[in-house]
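Biologist: Hey, I'm new to this one. Can you pull it up and walk me through it?
Modeller: Sure, here it comes.

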Amino acid sequence: MNEIVNFLGKPRTIKNVIKNRKTSWLELFYDLIFAVVFSRLTESLLEHQTLTGFINAILTFFWLIWG
């Protein structure tokens with residue numbers, strides 16, 4: 001674990017602000033896609049409150065996070 005921290009460097013603290021950093025349109029687009037998929041998953045889970053529906057929602061969510 002310590003080797004990974006050395007390779008990546010020390011993490012920034014909340015006080016270390018990157019000046020003139022702006023959010024790109026691609027980042028905003030991916031945030032929007034994530035929000036839509038998450039809302040559809042929870043909506044589907046509310047409609048199908050079975051063990052199969054729950055497992056399907058969990059697997060789809062982890063596939064989304066992994067991807």
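Biologist: Which residues form a nonpolar patch on the surface?
Modeller: Leu51, Phe54, Ile55, Ile58, Leu59 and Phe62 do, and together they have about 620 Å² of accessible area. Keep in mind that this is a predicted model.

Biologist: OK, and where is Phe62 placed?
Modeller: Phe62 sits in helix α3, which covers residues 51–66.

Biologist: Is Phe62 buried or exposed, and why?
Modeller: Phe62 counts as exposed because its relative accessibility is 53%, and the cut-off for exposed is over 50%.

Biologist: What about Gly53, where is that found?
Modeller: Gly53 is in helix α3 too. Gly53 counts as buried, though, because its relative accessibility is 17% and buried means under 20%.

Biologist: Which residues is Gly53 in contact with, leaving aside neighbours within four places in sequence?
Modeller: That would be Leu45 and His48. As for Leu41, 12 residues away along the chain, its C-alpha atom is 9.8 Å from the one in Gly53.

Biologist: Switching topic: how many salt bridges does the count come to?
Modeller: Just one salt bridge. Arg21 pairs with Glu27 there, and their closest N and O atoms are 3.4 Å apart.

Biologist: Why would side chains pair like that?
Modeller: Side chains of opposite charge can pair when their charged atoms come close.

Biologist: And is Glu27 buried, exposed or partly exposed?
Modeller: Partly exposed, because Glu27 has a relative accessibility of 32%, which falls between the 20% and 50% cut-offs.

Terms used. Residues numbered from 1 in each chain as written. Predicted model: local features only at pLDDT ≥ 70, side-chain atom pairs only at ≥ 80, totals over all residues. Heavy atoms only, no water. Patch = residues over 30% accessible without salt bridge, like charges linked within 9 Å, V, L, I, M, F, W, Y side chains within 5 Å. Areas by Shrake-Rupley, 256 points an atom, 1.4 Å probe, with all protein chains shown as cover. Salt bridge = Lys/Arg side-chain N within 4 Å of Asp/Glu carboxyl O. Helix = DSSP H or I, 4+ residues; strand = E, 2+ residues; numbered from the N terminus. Buried < 20%, exposed > 50% of the residue type's maximum accessible area, 1.4 Å probe, protein only. Contact = heavy atoms within 4.5 Å.
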